[in-house]
Amino acid sequence: MARLLYQGEPVPLEAGEDVLTALLSAKIDAPHSCRAGVCQTCIHRVVDGTPPETSQNGLTDAQKKLGYFLPCICVPATDLYIVPAEEIGDSYESVVHEIEYLAPDIVRLSLDHDPDFKYRPGQFIELIANKNLKRHYSIASFQEASDYLELHIKLHPRGQMSKYITEDLKIGSKIYIAGPLGTCIYEGIDPDQPIVMVGAGTGLSPLVGIKREALHRSHRGLMRLYHGARTRSGLYMHDYLEALSKSHSNFDYISCRLDSDVEAERDIASVVLDKETNLTDPTFFLCGGPGLVNRLKHDLYMKGVSLKKIRSDVFVPADRSD
Ligand SMILES: Cc1cc2nc3c(=O)[nH]c(=O)nc-3n(C[C@H](O)[C@H](O)[C@H](O)COP(=O)(O)OP(=O)(O)OC[C@H]3O[C@@H](n4cnc5c(N)ncnc54)[C@H](O)[C@@H]3O)c2cc1C
Ligand code: FES
């Protein structure tokens, strides 16, 4: 059975157990959040041994070469000697520029940040209120065109960050950001090929960012954006996106509401699967809760879409053991 060494000390590892579970069971204070290989909070580095390839999903080639891996999705087949990763990215002090309600339970937070903080739209950051309150949010702004980092934040009724944002954060307040992380970005897309973006709720945020970059780079292929919400107020950029679709011949916006009178317009995944008949050329961007993203990823793959042509971000709630 594979053995696990953490900073030189052996850590018991059960057969089939992932490294994060083993570390936590050994009372090692390993950072973690989604426990699903998405948020990259748990990233560690192997100094001896080879992590399974799947435990490096979503990391950059440079990170992979340096032995970085995600313990929460790593079930080692061979011995591993691991150490905590250095800071993935520095954390930067930023200042709240604007807090705007886009819907009763969705806020647009604009942050004035250090110019050294470089990001791509569609990546995500860690928003740090304090040592014990850190959450992930995707980036809707495009740095070349905006001075402010833009986040679209769903306010959850019992959410700790949601409460902090609504009760404590004011214009001019200081808050820290770290990262950015993630590879759900426009980079590497052929400007003549179609892109299909599908998001539910605030899953729209990274897609708006990707769309901004695509337009800025004069994307010539079709850009189709699907946004799903429970009610009309959840379609929080409806008028703006509809106007954009009228002014740009290659931009198409389709909205779906669970409370629609028309049954065929309710389920965003079914609408996408019905409407998208060309499955060979587009790159798909899927963002939002695990239900939608995992279902569409599976169904598109089963219909023949290469996984290389699907980029996604799953909005997993933070593990609140922090
Ligand atoms: C890579 C990544 C990118 C993300 N980007 C965004 C983004 O751009 N905008 C955004 O609004 N969120 C985003 N999220 C999700 C966000 O980080 C979580 O929803 C976070 O837990 C909310 O923090 P909170 O303190 O308000 O609520 P918490 O204190 O974490 O949770 C409060 C309650 O709400 C429930 N809850 C929290 N989040 C969700 C959820 N997403 N779905 C269902 N139930 C939930 C919890 O289970 C808990 O019962 C992202 C997550 C990841 C991993
Ligand atoms: S990627 Fe491991 S905890 Fe999120």
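Two strands are taken to pair if DSSP finds at least two bridges between them, and strands themselves are DSSP runs (E, at least two residues), numbered, like the helices (H or I, at least four residues), from the N terminus. In this sense β8 and β11 pair antiparallel over four bridges. The model is a predicted one, in which local features need pLDDT of at least 70 and side-chain atom pairs count only at pLDDT 80 or more, while totals for chains, interfaces and linings use all residues. Residues are numbered from 1 along each chain as its sequence is written, and chains are lettered from A and ligands numbered from 1 in the order in which they are written.

The domain assignment divides the chain into domain 1 (4-84), domain 2 (91-181) and domain 3 (195-314), the bounds coming from an automatic or database domain assignment. Taken over C-alpha atoms, the centres of domain 1 and domain 2 are separated by 28 Å. A local backbone feature is found at Lys-27, a residue other than glycine whose phi is nonetheless positive, near 60 degrees; Lys-27 belongs to the loop between α1 (19-25) and β3 (44-48).

The pairing of β8 with β11 is part of an open sheet of six strands, which follow the order β9-β8-β11-β6-β7-β10 with antiparallel pairing. At the edges stand β9 (133-138) and β10 (148-154), each with a single partner strand, so that one side of each is left without a neighbour in the sheet. From one strand to the next, the twist averages 40 degrees, where angles run from 0 to 180 degrees between N-to-C directions and axes are lines fitted to C-alpha atoms, for helices over the stretch in contact.

Within this sheet, β11 can be followed through its partners on either side. Towards β8, Leu-127 has Ile-177 as its bridge partner in β11, and Ile-128 stands opposite Tyr-176. Strand β6 (residues 91-103) is joined to β11 (residues 174-181) by five bridges, the two strands running antiparallel; here Glu-93 stands opposite Tyr-176, and Ser-91 is placed opposite Ala-178. Strand β11 also contains Pro-180, and the peptide bond leading from Gly-179 to Pro-180 is cis, with omega near 0 degrees.

Moving outwards from β8 to the edge strand, β8 and β9 pair in the antiparallel sense over six bridges, and a hairpin connects β8 to β9 through two residues. Ile-128, already described opposite Tyr-176 in β11, stands opposite Lys-134 in β9. Helix α3 (residues 160-167) lies across β7 (106-112), β8 (124-130), β9 and β10, and runs at about 85 degrees to β9.

A second open sheet consists of five strands in the order β14-β13-β12-β15-β16, and its pairing is parallel. The edge positions are taken by β14 (251-257) and β16 (310-314), each of which has a single partner strand, so one side of each is left without a neighbour in the sheet. On average, and with direction ignored, neighbouring strands of this sheet are turned by 10 degrees against each other. Strand β12 (residues 195-200) and strand β13 (residues 223-229), which run parallel, are joined by six bridges, with Met-223 in β13 as the bridge partner of Ile-195.

Two helices can be placed against these parallel strands. Helix α4 (residues 204-216) lies across β12, β13, β15 (283-288) and β16, running at about 155 degrees to β12, whereas helix α5 (residues 238-247) lies across β13 and β14 and runs at about 145 degrees to β14.

Two packed helices are described by the angle between their axes and the distance between the axes. The axes of α6 (residues 268-275) and α7 (residues 290-302) come within 10 Å and cross at roughly 25 degrees, which makes α6 roughly parallel to α7, a term for angles under 35 degrees. Their crossing is right-handed, meaning that the near helix is turned clockwise from the far one by less than a right angle. Ile-268, Ala-269, Val-272 and Leu-273 of α6 meet Leu-292, Arg-295, Leu-296 and Asp-299 of α7, contact being defined by C-beta atoms, placed from the backbone, that lie within 7 Å. By class, this contact has six nonpolar, no polar and two charged residues, where Ala, Val, Leu, Ile, Met, Phe, Trp, Tyr, Cys and Pro count as nonpolar, Asp, Glu, Lys and Arg as charged, and the others, Gly among them, as polar.

Conventions
Parallel < 35°, antiparallel > 145°, perpendicular 65-115°, else oblique.
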